[in-house]
Amino acid sequence: MGFASPNHPIPLLTSPLKGEEIDSGGLVPIRNIAVGLLLLIFILISGISGASAQEESVCIKCHGAQTGRLAAPVGEWRNSVHAASGISCHGCHGGDPSDMAMAMSPERGFLGVPRDEAIPGFCGRCHVGVKDDYLASAHGRALGRGGPHCVTCHGSHAVRTATPELINSRDCSRCHEYGRAEEIKSAVIDTDQRITGIEQSLAALHRIGITTREMEGELFALRNDFHRLFHSVEVEKVRSRTAGFQADLAKIRGRIAAIEAELNRRKLWGGAVVALLVAGGILAWLLHRSYIDDKKAG
Ligand code: HEC
Ligand code: HEC
Ligand code: HEC
Ligand code: HEC
Ligand code: HEC
């Protein structure tokens, strides 16, 4: 993004306020500054909304033209968190997304559809930490013997952002009672709300052009660590780790509060400067008037 265009006439330092011909020349620099500011705002807005379009792979082209169980994944995947992050069919199933004829050949790395027991490894190629936590848990130990795997809880194509809503009596009492699940849910919900609150504050700062990338990165890592804690399905562990997460969140919150306080200070100063400028402008106009009156009189 190029902010500083050499063609922008922003004559703050070069304005020829030398005294002669003020009546028209005095206005032009201000108009130019206004145009420059508008341009800057336009560049900012178009830069923020300039998301890149995704290219269609041969997998999507061909499966999109099929019917039934072969086409269904395309529509389900489109609204998924994976589509939003650029993880397409071949990211999970392998294969060659650029070669219509060879797309699904094993020589091009096509993996096909995993058996149930292979699913944690299949998803765990990318979600390594979650896979390890899961395999060490009561659920992982029961894999292949009635225990749930990744797709049981998240689905395969319509995978959504993970929230505590995934823990609910309908889904979690299919195989056992809901009691312990409920305890885990209440332990994670408070922290989840704090994370959402901080995400919103950061987004608000980002919208007014404050650089929040570093804090966003920290929060993202923290959020992922926190949401993966669930997979241990151990109430005590979830409780004890939650305290540590809340302390880290409080630190980020503190940094945001400091930025917000600084912004408010600047707003006050900005108001004072504008008031001064307006007063100065009136004064200049009065002087100018009396100069013209003098000329007419003299
Ligand atoms: C030219 C059309 C075409 C292209 C290109 C194509 N597929 Fe397929 N795909 C099919 C058809 C037809 C089937 C069902 C018959 C079969 O299994 O061979 C299928 C089956 C599948 C299956 C299920 C296999 C099973 O064992 O049930 C998966 C998964 C899959 N495709 C993924 C992909 C991925 C990933 C790509 C891109 C790298 C891709 N396909 C490209 C037509 C296509
Ligand atoms: C996040 C990983 C992931 C992505 C991305 C993904 N799949 Fe799959 N897919 C799976 C898993 C896991 C299964 C097996 C479990 C199931 O059937 O739901 C599967 C099953 C399938 C099947 C077999 C369905 C059946 O009922 O037999 C097809 C066909 C398929 N996928 C095609 C695709 C196509 C086409 C895309 C891209 C639009 C895609 N997949 C994207 C993970 C993925
Ligand atoms: C090729 C890498 C890859 C594979 C394979 C993969 N994912 Fe993902 N997954 C991602 C990326 C990238 C994201 C988005 C960034 C993030 O949130 O971590 C994501 C996000 C997710 C999320 C949302 C996380 C959140 O922040 O709320 C879930 C849930 C998820 N994946 C489940 C699965 C499941 C289930 C499978 C297997 C069926 C799978 N993934 C396979 C890369 C992958
Ligand atoms: C497909 C069946 C199935 C589903 C669905 C399922 N579980 Fe389980 N769960 C098991 C099995 C099997 C065990 C291990 C044996 C046992 O403790 O009953 C287990 C154990 C547990 C334990 C006890 C762990 C321990 O060591 O004390 C908790 C907590 C738990 N599950 C939570 C959940 C939650 C939360 C959900 C919903 C998000 C869920 N389960 C969904 C099958 C399932
Ligand atoms: C018993 C249901 C269940 C199973 C099995 C399960 N998950 Fe989850 N998963 C959840 C719940 C519930 C959350 C959200 C917990 C929270 O909000 O704190 C979650 C969160 C996630 C996240 C978000 C955390 C992060 O690091 O971004 C990812 C990714 C994920 N799961 C992937 C997987 C993968 C991969 C597997 C298989 C190895 C798996 N899950 C198995 C229920 C499950």
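**Figure 1. Helices α12 and α13 are roughly antiparallel to each other.** Welcome to this predicted model; our tour starts with a pair of helices. The angle between α12 and α13, which spans residues 213-228, is about 160 degrees, and their axes lie 11 Å apart. Because angles over 145 degrees count as roughly antiparallel, the pair earns that description. The two helices cross in a left-handed manner. On the α12 side of the contact you will find Thr191, Ile195, Ile198, Glu199 and Leu202, and they meet Met215, Glu216, Leu219, Arg223 and Phe226 of α13. Sorted by class, the residues of this contact are six nonpolar, one polar and three charged.

**Figure 2. Helix α12 also packs with helix α14.** Here α12 (residues 179-207) and α14 (residues 235-297) make an angle of about 15 degrees, and 10 Å separates their axes. That angle makes α12 roughly parallel to α14. As α12 passes α14, the crossing is left-handed. Residues that α12 brings to this contact include Arg180, Glu183, Ile184, Ala187 and Val188, and among those of α14 are Val235, Val238, Arg239, Thr242 and Phe245. Thr191, Ile195, Ile198 and Leu202 of α12 take part here, and these residues also appear in the contact with α13. By class, the contact of α12 with α14 has 14 nonpolar, four polar and five charged residues.

**Figure 3. The surroundings of ligand 4 bring us back to α12.** Ligand 4 has 19 residues around it, and Ala138, Cys172, Cys175, Arg180 and Ala181 come nearest. At least two residues of the shell come from each of α9 (138-141), α10 (150-154), α11 (169-172) and α12. The biggest share is that of α12, with three residues. Arg180, one of the nearest residues to ligand 4, is also part of the contact of α12 with α14. The shell around ligand 4 divides into eleven nonpolar, five polar and three charged residues.

**Figure 4. A shell of 23 residues surrounds ligand 2.** Which residues are closest to ligand 2? They are His63, Pro73, Cys89, Cys92 and Ser156. Helices α3 (58-64), α4 (72-78), α6 (89-93) and α7 (119-124) are the elements that give two or more residues to this shell. Among them, α6 gives the most, with four residues. The classes here are 15 nonpolar, seven polar and one charged.

Terms used
Residues are numbered from 1 along each chain as its sequence is written. Chains are lettered from A and ligands numbered from 1 in the order in which they are written. This is a predicted model: local features need pLDDT of at least 70, side-chain atom pairs count only at pLDDT 80 or more; totals for chains, interfaces and linings use all residues. A residue is near a molecule or strand if its C-beta atom, placed from the backbone, lies within 6 Å of it. Ala, Val, Leu, Ile, Met, Phe, Trp, Tyr, Cys and Pro count as nonpolar, Asp, Glu, Lys and Arg as charged, and the others, Gly among them, as polar. Axes are lines fitted to C-alpha atoms, for helices over the stretch in contact, and angles run from 0 to 180 degrees between N-to-C directions. Angles under 35 degrees count as roughly parallel, over 145 as roughly antiparallel, 65 to 115 as roughly perpendicular and the rest as oblique. A crossing is left-handed if the near helix is turned anticlockwise from the far one by less than a right angle, and right-handed if clockwise. Two residues are in contact if their C-beta atoms, placed from the backbone, lie within 7 Å.
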